[in-house]
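Work through the exercises below with the sequence and the coordinates open, and try each task before reading its solution.

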Amino acid sequence: MSQPAIKVEDLRKQFTLSHSGAASLKTMLLWWKRRQMETHEVLKGISFEIQRGECVALVGRNGAGKSTLLSLLAKVYKPTSGSMAVNGRLGPLLELGAGFHPDLSGLENILFNGMILGLTRKEVMARTDEIVRFAELEHQIDSPVRTYSSGMLARLGFAVATNVDAEIWIVDEVLAVGDYAFEKKCYDAIDTFRARGGTILFVSHNEHAVRRVADRCIWLQSGLVHADGKTDEILPCYLTDGVSEL
Amino acid sequence: MLSELKELWRFRELLLAMVERELRIRYKNSALGVLWSLLNPLLTVVVMWFVLKTVMQNNTDNISAYILAGYLPFLFFQMAILDSAQSVLAALPVVKKVYFPREILPLASVISNLIHFVLALAVYLIYALILWGVTGFKDFPVKYNVLFLPVLLLVHVCLVGGVSFIVSALNVFYEDVKYVVSVLMYLMFFLTPVMYFSETVFYAMKKWGAAQELGFFLYHLNPVATLITAYRKTLVAPGKIQVLDDGVATQVSPLAFNWLHFGIAVVFSVAILILGYSLFNKLKWRFVERP
């Protein structure tokens, strides 16, 4: 196979902890000498490769570093050290409808959200109909999104994020929204995406979602890759181990 | 810095969309819409005009035009910086979830305020023409000087952009910054020739003797003061200005455009832009990790 879709090498991410809560000039001026920065290493050197067309689930307990890893890949964070390479257009589904403005109409938000996700104005315009149809919002699309229910918002967010022609999706626990019918639609969208050769890296705590979508699992534990392999092999171990650990 | 600029260029459409969005949101729920952005400065200028002309008995020619030509640039400086101070912090939920060049946020605030400013300038020119038609404004108000306006705007945007980068980046980490900035803006109003003229300053410093030139020079080290004076020279046809010369109200001719002051303001503005942009780029990756 050619270049991997995602290649991560010895990736580390450290966060600085602050106990004072919101920072202010006062605390900075008063404590600038005594201020001891506590650091917390969330990712402690992670390496893996994901080939094109693979569908990989990240599993692990809360705080294992799954979301941090996705955020790093989405270029929201900068790694402390190590390298990562993403070959192909990335579709970040970290939070559906990030950046929706309540006072703007659904249509205006589609345009804006699509452009935040890296499309040009023209490209978004061309996809608007498809997005509206997928979100099933034909009748409300001209109303301000503050009048939408949370399910409608999630549908619109998912519709925009999945229509930006990405080659790689990174998904953070966003499929657990909407009703059953919409959930099925999401899975259908994922299947279509995979059939076209798309790559998916997703985080889920839902056993069925993992089995349904992923053919490979990466198990993160305390910032390290604990195990990496086929879903059938990893998931049962994770489910028994992860629980007995409690 | 070059690669950052390239990345910014790649996202230019998003920047435009964000400007459009900001303008739309501002007037979405108001009946008078875009009129507000013009009404506010006009009302302020009416009050200032009343104070200067009637209370302080200043008989400068075209004084209302003079005030307007000084207040509009000041308002752009003030509003753009106060708006952008909040821009990154307000967008933090998006910044935490999606990648895009963060500098788009303060830039969108600056550009949408620039659009207001240009609109207001257009209204100013209409006002000056009416004044000329109705009340016998001494000369035709629009002169070839107006051609200098784009240069002024460019320098002004550099200054405003640079300060906005600094303020918006620091405000993410220390929310005191926006309070400090609003106090500084208030003080800046008195240190810039809006309610008076640079000529007033010049003649007031006369009693300093040999230090007059130095004092006048130091006063104009403030690029905002220099820019406002430059806007006036560009926008208002010269008439007589009333100043206090040795305590006596005297009508004097406006001072000539000072190229040295303007050159210093250009250097300052560009330096602040470069400094501000590099500071912003240095801090932008830490926005999401804000304690």
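The exercises that follow concern a predicted model, and each task is answered by a solution in steps.

**Exercise 1. The sheet of chain A**

Determine the order in which the strands of the open sheet in chain A are arranged, and say which strands form its edges.

Solution. Begin with the strand order: 6 strands form the open sheet of chain A, in the order S5-S6-S7-S3-S8-S9, and their pairing is mixed. The edge strands are S5 (90-93) and S9 (224-230) of chain A, each of which pairs on one side only. From one strand to the next, the twist averages 15 degrees. As a last step, look at one pair in detail: strand S8 (residues 216-221) of chain A runs antiparallel to S9(A), and 6 bridges join the two. Within this pairing, Trp219(A) has Ala227(A) in S9(A) as its bridge partner. As background, strands of a sheet pair through backbone hydrogen bonds, in either a parallel or an antiparallel manner.

**Exercise 2. A helix across the sheet**

Find which strands helix H2 of chain A lies across, and decide how many of the residues of H2(A) are buried.

Solution. Start with the packing: helix H2 (residues 66-73) of chain A lies across strands S3 (55-59), S5, S6 (168-172), S7 (199-203) and S8 of chain A, and runs at about 145 degrees to S6(A). Next, apply the cut-off for burial, which is a relative accessible area under 20%. By this criterion 7 of the 8 residues of H2(A) are buried, so the helix is largely enclosed by the rest of the structure. The buried residues are Lys66(A), Thr68(A), Leu69(A), Leu70(A), Ser71(A), Leu72(A) and Leu73(A). Finally, inspect the backbone beyond the helix, where H2(A) is followed by Lys75(A), whose phi is positive, near 65 degrees.

**Exercise 3. Salt bridges within a chain**

For the salt bridges Glu207(A) with Arg211(A), Lys284(B) with Glu4(B) and Asp245(B) with Lys206(B), establish where the partners lie in their chain and whether each is buried or partly exposed.

Solution. For orientation, a search of the whole structure finds 23 salt bridges over all chains.

- Step 1: The side chains of Glu207(A) and Arg211(A) meet at 3.3 Å, N to O. Both residues lie in helix H7 (residues 207-213) of chain A, 4 residues apart, which is about one turn of the helix. Glu207(A) counts as partly exposed at 30% relative accessibility, and Arg211(A) is likewise partly exposed, at 40%.
- Step 2: In the salt bridge of Lys284(B) with Glu4(B), the closest N and O atoms are 2.7 Å apart. Lys284(B) lies in the segment after helix H12 (259-283) of chain B and Glu4(B) in helix H1 (residues 2-10) of chain B, so the pair ties together parts that are 280 residues apart in sequence. With 7% relative accessibility Lys284(B) is buried, whereas Glu4(B), at 22%, is partly exposed.
- Step 3: Asp245(B) and Lys206(B) form a salt bridge whose closest N and O atoms are 3.4 Å apart. Here the pair links distant parts of the chain, 39 residues apart, with Asp245(B) in strand S1 (residues 241-245) of chain B and Lys206(B) in the loop between helix H9 (198-204) and helix H10 (211-219) of chain B. Asp245(B) is buried at 17% relative accessibility, while Lys206(B) is partly exposed at 43%.

**Exercise 4. A network of salt bridges**

Identify which residues of chain B are linked with Glu108(A) and Arg121(A) in a network of salt bridges.

Solution. The chain B members are Glu20(B) and Arg24(B), so named by following the network that links them with Glu108(A) and Arg121(A).**Exercise 5. Helix H8 of chain B and a loop**

Compare the surroundings of Lys178(B) with the setting of Val183(B), and then place Met56(B) in chain B.

Solution. Lys178(B) lies in helix H8 (residues 176-191) of chain B and is buried, with a relative accessible area of 19%. Leaving aside residues up to four places away in sequence, Lys178(B) touches Ala85(B), Gln86(B) and Asn171(B). Val183(B) also has its place in helix H8 of chain B, but counts as partly exposed at 48% relative accessibility. Together with Val180(B), Leu184(B), Tyr186(B), Leu187(B) and Phe190(B), Val183(B) makes a nonpolar surface patch of about 600 Å². Turning to the loop between helix H3 (35-55) and helix H4 (63-90) of chain B, one finds Met56(B) there, exposed at 55% relative accessibility. Met56(B) and Ser269(B) are 213 residues apart in sequence, and their C-alpha atoms are 34 Å apart in space.

Terms used:
Residues numbered from 1 in each chain as written. Chains lettered and ligands numbered in written order. Predicted model: local features only at pLDDT ≥ 70, side-chain atom pairs only at ≥ 80, totals over all residues. Heavy atoms only, no water. Buried < 20%, exposed > 50% of the residue type's maximum accessible area, 1.4 Å probe, protein only. Contact = heavy atoms within 4.5 Å. Patch = residues over 30% accessible without salt bridge, like charges linked within 9 Å, V, L, I, M, F, W, Y side chains within 5 Å. Areas by Shrake-Rupley, 256 points an atom, 1.4 Å probe, with all protein chains shown as cover. Salt bridge = Lys/Arg side-chain N within 4 Å of Asp/Glu carboxyl O. Pairing = 2+ DSSP bridges. Axes fitted to C-alpha atoms, helices over the stretch in contact; angles between N-to-C directions.
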